[in-house]
Amino acid sequence: MKNTNMDKLDKILNRTIESIEKSKSEMYDIYENAQKEYKRLKKELNDLKKKIRSSMRLVESYEKQLAKSKFDLMQTNKNFDKSTEKDMKDIYDMTDQIMIDLAVERERERNLINQRNDLEVRVKALKEIVDKANNLINNVSVAMKLLTGDLKVLSHQIGDIKEKRNLGVKILLAQEEERRRVAREIHDGPAQFMSNLILKTEYCIKLLDSDLDKAKKELDKLKELIRNGIQELRGIIYDLRPMSIDDLGIVPTLKRYISKIMEENNIIIKFSSCGNYSDLSSVIKLTIYRLTQEALNNILKHSNATEAKIKLSFLQDSIELLVSDNGEGFDISNLEKQKHEGEECGFGICSMRERTELLDGKFVIQSEPKKGTRFYFKIPY
Ligand SMILES: Nc1ncnc2c1ncn2[C@@H]1O[C@H](COP(=O)(O)OP(=O)(O)O)[C@@H](O)[C@H]1O
Ligand SMILES: [Mg+2]
């Protein structure tokens, strides 16, 4: 469920990125074309401006020529008697020609200026398109960075959060299961035994009237029963919180626990430890204890082993715990299969994995049918 949602999120993200990538390349085409056109028009505008300037210069020089020509004409008119008819005609013709040239050049100049004005409007509009496209591309690049980088990280963080929540739920379930187990133990043990005590006490009270000797014997039995009951109760309390962990340390506590298991069961357990340790946190100590306890429970329950080994190594920055047996072993792929089919994995193995992962540790099981089982834990500190 969790993974399908993550996959969906990833798919949506990838599709979004793809379509933005496509839009980005289209935007880039628009930008490139606009930029090319802009450069071309800008050059055209510069050429036009040059032409206008030279046309203006021409107009100016025609105007000067015309003024001069008009002056000459005036002079010729004044000195009418000194000039020949041909001279006068030449000056008239020249003035005429200059006036025509000037009119043509002025018209050309006006045309050029009109063209320049049009072109200036187009260049301005194109510049706006180029700037806008450039801005858009920049913005899209930022969005892309967010989507491909930060959002991806975010989506993984969401995955993390979901996984943590799942872990939280499993821890709650584990606590619930633990309470159920303790309730069952108290019910089967101390509660049962207290009811027995009442019956036995009532029997003793009756005997006190009739047979004092027998009553005394029964009271002795009762005392023994109470002693056993207290021991059983202590066992349960010890199991809930092995107090000696903090007082004695993890190694002596484990040794004590192991010798108790060997007394009660038909199995040899070899314990060894190496390396120095000090200042282990309570959580780590308790985790090591619980991991050993669960692994040993499994050995007793499932393996039919005659021998088990527990090795605790205190390394530079981590603790390694190895619990192995010479029992029947089992097919680990079954656990994986259960996991893939969405079933809960075995409760004990699940809780071992969770306890280890909570402390950023590593957990490996090696087992094959008929070849025994090894549980390996590495916990950093
Ligand atoms: N030391 C072992 N030897 C053989 N089989 C084991 C051992 N430890 C675990 N298993 C197998 O793995 C399964 C899952 O173990 P676990 O998660 O502790 O659940 P449970 O003990 O409640 O069955 C067990 O049912 C058993 O088949
Ligand atoms: Mg188990």
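## A first residue and the model

Glu-178 is found in helix α2, which covers residues 85-210. At a relative accessibility of 28%, Glu-178 counts as partly exposed, because a residue is called buried under 20% and exposed over 50%. Glu-178 and Leu-240 stand 62 residues apart in the sequence, and their C-alpha atoms are 9.1 Å apart in space.

The structure that contains Glu-178 is a predicted model. The sections below describe the protein as a whole and then return to individual residues.

## Overall form

The protein has 381 residues, and its radius of gyration is 50 Å, whereas a compact globule of that many residues would have a value near 21 Å. Along the principal axes, the C-alpha trace spans about 185 × 45 × 40 Å.

Eight helices and five strands make up the secondary structure. Read from the N terminus, the order of these elements is α-α-α-α-α-β-α-β-β-α-α-β-β.

## Domains

The domain assignment divides the protein into domain 1 (2-167), domain 2 (176-236) and domain 3 (246-380). Between the centres of domain 1 and domain 3, taken over C-alpha atoms, the separation is 78 Å.

## Surface, contacts and charge

Of the 381 residues, 30% count as buried. The protein exposes an area of about 25,800 Å², and carbon and sulfur atoms supply 54% of this area.

Among contacts in the protein with a separation of 6 or more, 72% are accounted for by residues 24 or more positions apart. The protein carries 69 positive and 64 negative charges, and the mean positions of the two sets are 2 Å apart.

## The first two helices

Tyr-62 lies in helix α1, which comprises residues 2-78. With a relative accessible area of 17%, Tyr-62 is buried, because the limit for a buried residue is under 20%. When residues up to four places away in sequence are not counted, Tyr-62 touches Ile-98, Asp-101, Leu-102 and Glu-105. Tyr-62 and Arg-374 are 312 residues apart in sequence, and 109 Å separates them in space, C-alpha to C-alpha.

Helix α2 is also the place of Asp-90. The relative accessibility of Asp-90 is 37%, and Asp-90 therefore counts as partly exposed. Asp-90 and His-187 are 97 residues apart along the chain, and their C-alpha atoms are separated by 140 Å.

## Two residues of helix α6

Is Arg-290 buried or exposed? Arg-290 lies in helix α6, residues 282-303, and is buried because its relative accessible area is 10%. With residues up to four places away in sequence left out of the count, the residues that Arg-290 touches are Asp-239, Leu-240, Arg-241, Pro-242 and Arg-355. Leu-240 has already been mentioned as the residue whose C-alpha is 9.1 Å from that of Glu-178.

Thr-292 is found in helix α6 as well. The relative accessible area of Thr-292 is 0%, and Thr-292 is therefore buried. Leaving aside neighbours within four places in sequence, which residues are in contact with Thr-292? They are Leu-254, Ile-310 and Leu-321.

## Two loop residues with positive phi

Most residues other than glycine have a negative phi. Asp-360 has a positive phi of about 60°, although it is not a glycine. Asp-360 lies in the loop between α8 (347-358) and β4 (362-367). At 66% relative accessibility, Asp-360 counts as exposed, because the limit for an exposed residue is over 50%.

Lys-370 likewise is not a glycine and has a positive phi, here of about 75°. The loop between β4 and β5 (373-380) is the place of Lys-370. The relative accessibility of Lys-370 is 75%, so Lys-370 counts as exposed.

Definitions and conventions. Residues numbered from 1 in each chain as written. Chains lettered and ligands numbered in written order. Predicted model: local features only at pLDDT ≥ 70, side-chain atom pairs only at ≥ 80, totals over all residues. Heavy atoms only, no water. Helix = DSSP H or I, 4+ residues; strand = E, 2+ residues; numbered from the N terminus. Rg over C-alpha atoms; globule rule 2.2 N^0.38 Å. Buried < 20%, exposed > 50% of the residue type's maximum accessible area, 1.4 Å probe, protein only. Contact = heavy atoms within 4.5 Å. Areas by Shrake-Rupley, 256 points an atom, 1.4 Å probe, with all protein chains shown as cover. Lys, Arg positive; Asp, Glu negative; His and termini not counted. Charge placed at Lys NZ, Arg CZ, Asp CG, Glu CD. Domains from an automatic or database assignment.
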